[in-house]
Amino acid sequence: MDGKGSRQAEGRKSVAFVTLGCAKNEVDTEHMRERVADAGYALADDPADADAIVVNTCSFIQAATEESLEAVFEAADLPNVASGRAALVVAGCMPARYGADLEAELVEAGAFVPCSREDDIALVLAETIGKADGEGAAPCAASSAVEGSSAPHGPVSAYVKISDGCDRFCSYCTIPFIRGRYRSFPLDDVRDEVRKQVDRGVREIVLIAQDTGRWGADFPEPSTLAALVSTLAEEHPSTWFRLMYIQPEGLTDELLEAVASHANVCDYFDIPLQHVDADILRAMNRTGSRADFEALAARVRRRMPDAALRTTLIAGFPGETDEQFEELCSFVEDADFDYIGVFPYSREEGTRAHDLPNQVDEDEKADRAQRLRDLADAVCAPRIAARIGRELDVLVEGREEDGQLFGRAMCQAPEVDGVTYLEAGEVGDIVRVRVEDTLLYEMEGA
Ligand code: SF4
């Protein structure tokens with residue numbers, strides 16, 4: 001939750017946002033905030049003090065839906081909403097996934113805005129705030145300023161979404177049903193968004209999508225992520241660019257070359273593998289095998305020996321035998337990855353995997369996921385420690401409450417890979433530090 005301005009000070013209707021879920025949702029919230037500010041609303045810091053609260057929900061797995069529902073109920077209990085003075089709007093993935101069923105159940109909400117309708121958020125607010133206070137709906141003053149816009153996780157780094165939706169239809173995943181078919185955002189739109197963030201003082205742009213590596217393939221004249229990142233890196237030589245969520249098929253030699261040949265593109269690859277057993281991957285409606293993925297990691301290392309590699313894995317997919325799980329563990333032990341995120345399989349209604357036989361017991365899934373996590377920590381920590389003595393550029397992000405300065409090196413993506421503590425620098429600087437020590441995923445530089 002963030003924002004500026006108060007309705008008392010400005011005499012305008014105010015809107016507060018609450019965001020659940022991933023970085024892509026944070027970007028969507030930023031866009032809604034801009035639309036709302038453009039329409040003349042003030043952006044409120046505190047939902048309890050707003051005329052409307054927009055809860056931008058996440059719903060790609062059951063646990064995320066539950067968390068989103070909790071946030072909606074929490075907002076509904078605030079005195080301004082409970083008394084009918086403020087409107088409550090439920091936006092994002094949850095209305096996209098559950099549609100009319102959700103509307104029938106969630107009577108606390110005044111309106112629902114699925115992902116596909118987020119561009120209309122100001123119109124929906126005008127109607128909903130009108131209903132809540134019984135007045136005319138329009139905000140009092142028009143303002144073209146994008147008040148309160150900020151990078152989602154601090155002033156120096158910003159996510160920029162380059163496409164939406166997904167065509168892969170992995171058998172366990174709800175995203176294609178929630179977000180629709182894959183569509184790349186036009187080059188000029190991405191460039192404009194990057195320019196805007198750079199003009200705001202952002203020093204790192206994190207390019208995100210459900211399937212980043214496919215960018216441009218759906219244009220009438222197809223383009224590639226390699227071409228996009230090269231263009232952006234050359235237009236903004238003092239800005240770091242980082243790519244997240246590249247499916248294995250998207251890691252082409254052209255992309256490797258584009259990353260390797262631009263000093264301001266982070267030598268960092270986030271490649272969701274999900275599993276390594278070919279039969280499980282087939283059941284997931286994915287391709288590849290352990291040998292393919294080991295070859296892929298080796299290909300990256302040959303071109304960029306010091307690149308950081310991240311992946312995510314799913315434990316306890318339906319039908320996963322003890323042997324297949326052991327194979328996954330053995331891959332984690334041997335594979336050349338610096339960061340490994342592990343998730344227990346989540347059985348989602350409406351997906352093909354939901355109806356597969358031999359579902360793994362919940363406790364067993366949790367045990368397998370924990371075992372993989374422990375293994376990943378044991379394997380990755382020494383890799384991080386091997387950076388001791390190396391000199392790395394660190395983007396200074398801020399200070400902890402105790403005043404300790406921190407930032408991130410190119411090998412550390414925001415929010416997932418830990419930070420680097422350092423002794424000197426100003427927020428927004430990129431400073432050269434020598435890695436002196438590490439503690440699991442955190443680094444200490446001087
Ligand atoms: S690639 Fe697979 S897991 Fe990722 S969003 Fe698309 S369908 Fe879901």
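This section describes buried positions, salt bridges, a charged surface patch and backbone features in a predicted model.

Two buried positions illustrate the packing of the chain. Residue I208 belongs to strand β9, which spans residues 204–208. Its relative accessibility is 0%, so I208 counts as buried. Beyond the residues up to four places away in sequence, I208 touches A23, K24 and V27. The contacts of I208 also include Y159, V160, K161, I162 and S163, together with M244 and Y245. The C-alpha atom of I208 is separated by 24 Å from that of V427, a residue 219 positions away along the chain.

The second position, S171, is placed in the loop between β7 (163–164) and α7 (175–179). Although S171 is in a loop, its relative accessible area is 3%, and because the limit for a buried residue is under 20%, S171 is classed as buried. With neighbours within four places in sequence left aside, S171 is in contact with A283, M284 and N285, with F317, and with T351, R352 and A353.

Helix α9, comprising residues 225–235, also contributes buried residues. These are L225, A226, L228, V229, S230, L232 and A233. The elements that cover the buried residues of α9 include helices α8 and α10 and strands β9 and β10. Strand β9 is also the element that holds I208.

Side chains of opposite charge can pair when their charged atoms come close. In the model, the count of salt bridges comes to 41. One of them is formed by E34 and K196, with the closest N and O atoms 3.0 Å apart. This pair links distant parts of the chain, since E34 is in helix α2 (residues 23–38) and K196 is in helix α8 (residues 187–199), 162 residues apart. The two partners fall into separate accessibility classes: E34 counts as buried at 10% relative accessibility, whereas K196 is partly exposed, with a relative accessible area of 29%.

A salt bridge also joins the side chains of E249 and R168, with an N to O distance of 3.4 Å. E249 lies in the loop between β10 (240–243) and α10 (253–260), and R168 lies in the loop between β7 and α7; the pair therefore ties together parts that are 81 residues apart in sequence. The loop that holds R168 also contains the buried residue S171. E249 is partly exposed, with a relative accessible area of 40%, and R168 likewise counts as partly exposed, at 24%.

Within helix α8, the side chains of D188 and R191 meet in a salt bridge with an N to O distance of 3.3 Å. Both residues lie in this helix, 3 residues apart, which corresponds to about one turn. An α-helix has 3.6 residues a turn, so residues three or four places apart point the same way. D188 is partly exposed, its relative accessible area being 46%, and R191 is also partly exposed, at 29% relative accessibility. Elsewhere, D28, K161, D164, R179 and R183 are joined into one network by salt bridges that share partners. One member of this network, K161, is also among the residues that I208 touches.

Charged residues also form a negative surface patch, made up of E66, E67, E70, E74, D77 and E108. Of these, E70 is found in helix α3, which covers residues 62–77. E70 is exposed, with a relative accessible area of 55%.

Positive phi values occur at two positions that are not glycine. For E415, phi is near 75°. E415 is placed in the loop between β15 (405–409) and β16 (420–422), and its relative accessibility of 56% makes it exposed. For L440, phi is near 55°. L440 is found in the loop between β17 (430–439) and β18 (442–445). With a relative accessible area of 39%, L440 is partly exposed.

Definitions and conventions:
Residues are numbered from 1 along each chain as its sequence is written. This is a predicted model: local features need pLDDT of at least 70, side-chain atom pairs count only at pLDDT 80 or more; totals for chains, interfaces and linings use all residues. Side-chain values use heavy atoms; hydrogens and water are left out. Patches are made of residues with over 30% relative accessible area and no salt bridge: like charges are joined within 9 Å, nonpolar side chains (Val, Leu, Ile, Met, Phe, Trp, Tyr) within 5 Å. Accessible areas come from the Shrake-Rupley method with a 1.4 Å probe; for residues, only the protein chains shown count as cover. A salt bridge is a side-chain nitrogen of Lys or Arg within 4 Å of a carboxyl oxygen of Asp or Glu. Lys and Arg count as positive and Asp and Glu as negative; His and the chain ends are not counted. The place of a charge is taken as NZ of Lys, CZ of Arg, CG of Asp or CD of Glu. Helices (H or I, at least four residues) and strands (E, at least two) are DSSP runs, numbered from the N terminus. Buried means under 20% relative accessible area, exposed over 50%, partly exposed in between (1.4 Å probe, protein chains only). Contact means heavy atoms within 4.5 Å.
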